[in-house]
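I opened my notebook to look up a few things in this structure, one entry at a time. Come and follow along.

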Amino acid sequence: MEIASKYNPAEVEEKWYRYWMDNKLFHSEPDNREPYTIVIPPPNVTGVLHMGHMLNNTIQDVLVRRARMQGKNACWVPGTDHASIATEAKVVNRLASQGIKKNDLSRDEFLKHAWEWTDEHGGIILEQLKKLGASCDWDRTAFTMDETRSESVLKVFCDLHDKGLIYRGVRMVNWDPKALTALSDEEVIHREVTGKLYYLRYKIEGDPDGAYAVVATTRPETIMGDTAMCIHPDDPKNAHLKGKKVIIPIAGRAIPVIEDEYVDIEFGTGCLKVTPAHDVNDYMLGEKYNLPSIDIFNQDGTLNENGDRYVGMDRFEVRKQIENDLEEAGLMEKVEPYTNKVGFSERTNVAIEPKLSMQWFLKMDDLARPAIETVEDGTIRFYPEKYKNTYRHWMENIKDWCISRQLWWGHRIPAYFLPQGGYVVAMTREEALKKALEKVDYPLTIDGLKQDEDVLDTWFSSWLWPISVFDGINQPDNRDINYYYPTSDLVTGPDIIFFWVARMIMSGYEYRNEPCFRNVYFTGIVRDKLGRKMSKQLGNSPDPIELMEKYGADGVRMGLLLTAPAGNDLPFDESMCEQGRNFNNKIWNAFRLIKGWETDGNIPQPETAKIAAAWFQSKLSETIIELDDLFSKYRLSEALMLLYKLFWDEFSAWYLEMIKPAYQQPIDTETYKITLHYFDALMRLLHPFMPFITEELWQALYDRKEGDSIMTTLQPAQTSVDKILLTDFEMLKEVVAAVRTIRLEKNIPNKDELELQVIGLHNPQYDSVIAKVCRLSSISSVSEKQPGAAGFLVGTTEYSIPLAEKMDVEAELQKLKTELTYTEGFLQSVLKKLSNERFVQNAKPEIVEGERKKQADAESKIALLKENIAALEK
């Protein structure tokens with residue numbers, strides 16, 4: 001292959017992704033290998049690629065590509081989520097732009113528009129993932145509302161209903177007045193809001209003096225729904241209200257005063273208005289004392305016929321108006337500023353309304369038990385482990401799950417109401433009729449059945465995802481589910497630990513009696529340099545596609561991963577992508593350098609190259625061992641940095657320098673072969689992180705056959721590690737670095753050869769390497785340093801380079817004396833610290849030890865500087 005002078009990511013990425021797809025290299029079928037399975041957290045069908053997706057899918061791709069290269073049968077299942085609320089909102093908005101209202105359409109007409117939207121937008125994000133290099137098995141692409149998944153969802157609903165775990169009832173729910181649907185607790189975001197605390201006067205019925213009780217509330221607009229006032233039984237200041245009735249301001253309706261220890265004596269006046277239809281805690285009081293519930297709100301947050309003079313007004317407009325009306329009527333004691341937490345809809349960002357509503361619920365207590373145990377005993381492991389506590393707290397306080405939504409887009413609840421009351425649950429209308437005929441004693445036709453209008457919460461389909469993508473609900477003993485399940489790793493954000501992770505674990509035990517995955521890797525949130533979460537609204541999120549066009553997919557992947565420690569937020573900086581692109585160029589140029597060498601089979605392998613090859617083999621093996629350990633702990637950022645240093649520092653800066661032939665001279669065949677072998681190993685180690693450039697260079701390294709790919713080769717295996725050789729080499733590097741520093745400081749050109757003299761212990765085994773990379777004419781042992789020689793210490797051994805002919809003695813003396821003065825001053829500051837008894841006694845031992853090391857280093861340096869000065873002054 002002809003290798004271009006510059007790396008062109010766009011050309012390389014398109015070519016190799018097409019090659020991988022054409023050769024079906026991502027596809028997996030069950031066989032006798034160990035399976036490795038990941039299911040994608042299905043992005044919304046409405047979605048386009050954002051930085052969070054980029055991070056999450058890059059991590060998944062690294063894990064799946066590495067597993068593939070470990071000889072496992074790797075299967076990464078992609079797909080999308082129908083996203084009931086988000087998609088319906090998009091479709092409603094598009095229809096509105098065409099002058100069409102949802103309510104003017106039949107359900108079937110609306111769903112036709114929703115499917116058109118899905119067909120247009122559903123594949124966008126998956127196509128974008130291909131640009132990232134995602135090695136998903138695209139043949140297995142699933143959609144939460146495709147036929148297989150839909151059948152699975154309905155089957156599970158029917159099964160859980162038959163088991164008595166799904167029930168229907170009027171309960172207090174979180175109502176979204178914009179989306180016009182109930183939400184689960186997890187879909188409500190609580191935020192601090194600065195508002196007002198209103199003190200309202202409730203006249204005491206029949207009191208001759210017109211006395212009144214004062215109630216403090218943040219929601220005066222709900223007074224029309226009051227059905228009691230509550231006081232604490234032990235509150236002396238309100239004891240006079242016991243057994244009385246009070247009159248609701250404006251409404252003029254009398255309500256009883258009840259007593260309950262739930263009331264906080266210290267809050268407000270100690271009197272609590274009880275509105276069972278519009279507050280969760282009031283609802284519980286209403287149940288306890290058998291109070292009526294008066295619903296005053298329409299579904300869109302306006303007041304209904306129970307709203308007195310405010311019928312048809314929006315709830316927040318009523319709040320403003322009622323304040324004025326209460327003031328005018330003399331029924332407002334006072335108003336104070338007040339900050340409290342208010343729930344907002346995660347999807348529409350409007351304040352939710354607690355509301356009594358007929359909904360479907362799933363009992364969670366029994367489902368939660370095995371799901372708690374499996375995380376507690378380590379069967380399923382969380383990375384980082386800190387999320388175990390978050391998970392446990394939520395699971396131990398779990399509430400029944402409201403699974404119905406008042407939408408049209410989604411899985412319609414398979415419940416059918418009967419003409420004379422009651423309902424049946426069945427997979428189809430025909431099956432429902434059979435069940436109904438067994439239940440009723442009156443004539444009934446299929447047209448007499450009315451299916452529930454509601455759909456299921458989106459999460460009710462995605463909680464089955466690891467099972468349903470392998471059709472394990474409809475065909476619980478099929479080949480795929482038996483082979484690929486349980487899945488191996490799940491990569492997701494901690495923000496959906498309850499929505500999705502916990503519920504998948506529950507469904508796994510309910511339907512397979514085993515965990516749905518073994519490990520959960522929680523990514524952090526991608527933030528900008530100011531620490532803000534990236535979002536379209538803030539305009540602080542770069543377009544991932546544009547980033548990849550600018551830096552290449554491998555560059556962006558690397559930029560993301562270098563700053564992505566598990567579970568911690570990622571402070572994204574575009575300069576990291578630039579660093580990724582620079583690394584690509586470094587790899588490219590190293591390859592061009594190697595492939596540019598001529599070889600000569602008649603040249604024996606130099607001693608330098610033998611030593612370099614032995615050292616790099618040990619360094620490579622040591623890195624592989626460390627890499628395996630980092631992957632076992634899901635420390636991918638550190639793993640990439642380890643490989644980055646191995647290639648940039650050890651291979652390029654050291655190994656290639658040690659073995660490269662003289663200018664325009666050939667290299668011996670043995671060294672060339674081993675260098676290609678090492679380059680091949682490095683490409684395989686880097687491939688999971690940087691799939692495109694590694695494929696391109698691996699293909700160009702040797703002659704390959706059609707269908708060959710780096711992604712189906714095995715990761716390099718560890719061999720023995722010569723720790724003594726590695727330690728010796730670190731000393732060697734110090735010698736080389738010091739010689740190079742002297743060249744730099746003394747302005748000595750690289751073409752000029754230098755002598756290196758040694759006073760003390762020195763291992764001559766590596767002299768050929770030192771001489772080559774430092775361009776030395778000789779390395780010799782001497783008893784004392786020559787006058788004018790530049791010296792340095794490595795360990796306890798002193799090295800010097802005679803420089804008499806190469807330097808300006810006066811200038812050098814001045815420089816050395818300046819450095820001596822500075823170092824002596826530094827030593828005094830350290831000694832002052834160490835002579836302070838309080839510092840030595842109170843500081844951490846490692847800090848004191850650090851200061852003592854500074855003292856020893858400074859004293860050695862002063863001795864050497866004085867020696868050098870004395871030599872020059874002779």
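Which residues of the largest nonpolar core touch the most other members? I found that they are Leu362, Phe460, Met506 and Phe679, in a core of 190 residues. A nonpolar core here is a set of buried Ala, Val, Leu, Ile, Met, Phe, Trp, Tyr and Cys residues joined through side-chain atoms within 4.5 Å. Buried means under 20% relative accessible area, exposed over 50% and partly exposed in between, with a 1.4 Å probe and protein chains only.

A note on the ground rules: this is a predicted model, where local features need pLDDT of at least 70 and side-chain atom pairs count only at pLDDT 80 or more, while totals for chains, interfaces and linings use all residues. Residues are numbered from 1 along each chain as its sequence is written, and side-chain values use heavy atoms, leaving out hydrogens and water.

**Entry: the cores**
I asked what gives the most to the largest core, and helix H20 (residues 636-659) does, with 14 residues. Helices (H or I, at least four residues) and strands (E, at least two) are DSSP runs, numbered from the N terminus. Next I looked at Phe679: leaving aside residues up to four places away in sequence, its contacts (heavy atoms within 4.5 Å) include Phe591, Phe647, Phe651 and Leu697. I also noted a second, separate core of 27 residues, with Val215 and Ile294 among them.

**Entry: two helices crossing**
I then turned to helix H1 (residues 9-22) and helix H22 (residues 691-701), whose axes come within 9 Å and cross at roughly 80°. Axes are lines fitted to C-alpha atoms, for helices over the stretch in contact, and angles run from 0 to 180 degrees between N-to-C directions. That crossing makes H1 roughly perpendicular to H22, a label for 65 to 115 degrees. Among the residues that meet are Trp16 and Trp20 in H1, and Phe692 and Glu695 in H22.

**Entry: helix lengths and cover**
I checked helix H2 (residues 51-68): its 18 residues should span 26 Å at 1.5 Å a residue (times one less than the number of residues), and its end C-alpha atoms are 26 Å apart, which agrees. H2 is mostly covered, with 17 of its 18 residues buried. Helix H27 (residues 845-873) has buried residues too, including Val848, Ile862 and Leu872. Helix H25 (809-834) is one of the elements covering them.

**Entry: Val424**
I found Val424 in strand E19 (residues 423-425). Is Val424 buried or exposed? At 5% relative accessibility, Val424 counts as buried.

Key
Parallel < 35°, antiparallel > 145°, perpendicular 65-115°, else oblique.
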